[in-house]
Structures are given as structure tokens and as C-alpha cells.
Amino acid sequence: MKTWDSLKKLITPLLFAVLVLLFCTAVSNLQFGHSTRNKAQLEDALARAAIACYAVEGIYPPDLQYLVEHYGIQINNDLYAVKYEAIASNLMPDITVLEK
């Protein structure tokens, strides 16, 4: 009986620690998936806005600020850094979104 009680006292905290670790890992994975999805959505929105600009105006936007002002793009500058390189008015710009 004493062996079982001492074993039970050892296993209970260990089991609790494993459950807490699994829970923390699951929460971390959810946050990573959410962050990745938001980044992809921003990249897609920027590309679609640039294409819409070309379709309407006949030129690609000269800079990122143009998309923000004229096409309603919203960028969370605390979370993302956007690199926007306009090559020529008739070529799709190079758009890169990086997480800070």
C-alpha cells in the first residue's frame, strides 16, 4: 500500500506537468496558424489591389502608400513590414510581407 501511495504522489504532479505542456503547445500552434493565415491574407490583398489598380487605371501603383490611400489597404505596421518594389508602370510590382 505504501508503495502505491508514494508512486501516486510522484505520478500526479508529473501527469499535471505533461498536461500543461501539451496545452501550451496546442495554444502556441493555434497562434502560429493564425499569424501565418493573416500574413497570407495581407499578401493576397496587396496583390489583388495592385491588379485592380492596373485594370482600372492602366498602370500598377507607384508605391505602397498609393494602395493605402486609393484602394483601402490597411497594414498593421506593428506586426508586418511590407517591401513594395515598383519595377515599371506596366509590370507587376514585387510585394513581400514580413512578420516583425
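**Exercise 1. Salt bridges within helix 1**

Determine how R48 and D44 are placed relative to each other in helix 1 of this predicted model, and which interaction joins their side chains.

*Solution.* Step 1: R48 and D44 are both part of helix 1, 4 residues apart, which is about one turn of the helix. Step 2: their side chains meet in a salt bridge, with an N to O distance of 2.9 Å. The cut-off for such a bridge is 4 Å, so the pair qualifies. Step 3: the relative accessible area of D44 is 40%, and D44 is therefore partly exposed.

**Exercise 2. The remaining salt bridges**

State how many salt bridges the structure holds, and describe those formed by K39 and E85.

*Solution.* Step 1: the structure contains 3 salt bridges. Step 2: K39 pairs with E43, and their closest N and O atoms are 3.4 Å apart. Both residues lie in helix 1 with a spacing of 4 residues, about one turn of the helix. K39 is partly exposed at 22% relative accessible area, and E43 is partly exposed at 31%. Step 3: E85 forms a salt bridge with K83, where the closest N and O atoms are 2.9 Å apart. E85 has a relative accessible area of 38% and is partly exposed; K83, at 42%, is also partly exposed.

**Exercise 3. Order of the elements**

Give the number of helices and strands in the protein chain, and the order in which the elements run.

*Solution.* Step 1: the chain has 2 helices and 2 strands. Step 2: read from the N terminus, the order is α-α-β-β. Step 3: of the contacts with a separation of 6 or more, 40% join residues 24 or more positions apart.

**Exercise 4. The largest nonpolar core**

Identify the elements that supply the largest nonpolar core with at least two residues each, and the residues that touch the most other members.

*Solution.* Step 1: the core has 13 residues, of which L42, L46, L67, I73 and I75 touch the most other members. Step 2: at least two residues come from each of helix 1 (2-57), helix 2 (64-71), strand 1 (80-85) and strand 2 (94-99). Helix 1 contributes the most, with 4 residues. Step 3: leaving aside residues up to four places away in sequence, I73 touches A45, L46, A49, L67 and V68. Step 4: in soluble globular proteins, nonpolar side chains tend to be buried together. In this chain of 100 residues, 16% are buried.

**Exercise 5. Nonpolar area at the surface**

Decide whether L15 is buried or exposed, and name the surface patch to which L15 belongs.

*Solution.* Step 1: L15 is located in helix 1. Step 2: its relative accessibility is 51%; exposed means over 50%, so L15 counts as exposed. Step 3: L15 forms a nonpolar surface patch with L10, I11 and L14, and together these residues have about 410 Å² of accessible area. Step 4: the whole chain exposes about 7,600 Å², of which carbon and sulfur atoms supply 64%.

**Exercise 6. Aromatic pairs**

Classify the ring pairs Y54 with Y60 and Y66 with Y71.

*Solution.* Step 1: the count of aromatic pairs is 2. Step 2: the rings of Y54 and Y60 lie 4.4 Å apart, centre to centre, with 15 degrees between their planes. Planes under 30 degrees apart count as stacked, so this pair is stacked. Y54 is partly exposed at 32% relative accessibility, whereas Y60 is buried at 13%. Step 3: the ring centres of Y66 and Y71 are 6.5 Å apart and the planes stand at 45 degrees, so the pair is tilted. Y71 is partly exposed, at 24% relative accessibility.

How values were computed
Residues numbered from 1 in each chain as written. Predicted model: local features only at pLDDT ≥ 70, side-chain atom pairs only at ≥ 80, totals over all residues. Heavy atoms only, no water. Phe/Tyr/Trp six-rings, centres within 6.5 Å; stacked < 30°, edge-to-face > 60°. Buried < 20%, exposed > 50% of the residue type's maximum accessible area, 1.4 Å probe, protein only. Core = buried A, V, L, I, M, F, W, Y, C linked by side-chain atoms within 4.5 Å. Contact = heavy atoms within 4.5 Å. Areas by Shrake-Rupley, 256 points an atom, 1.4 Å probe, with all protein chains shown as cover. Patch = residues over 30% accessible without salt bridge, like charges linked within 9 Å, V, L, I, M, F, W, Y side chains within 5 Å.
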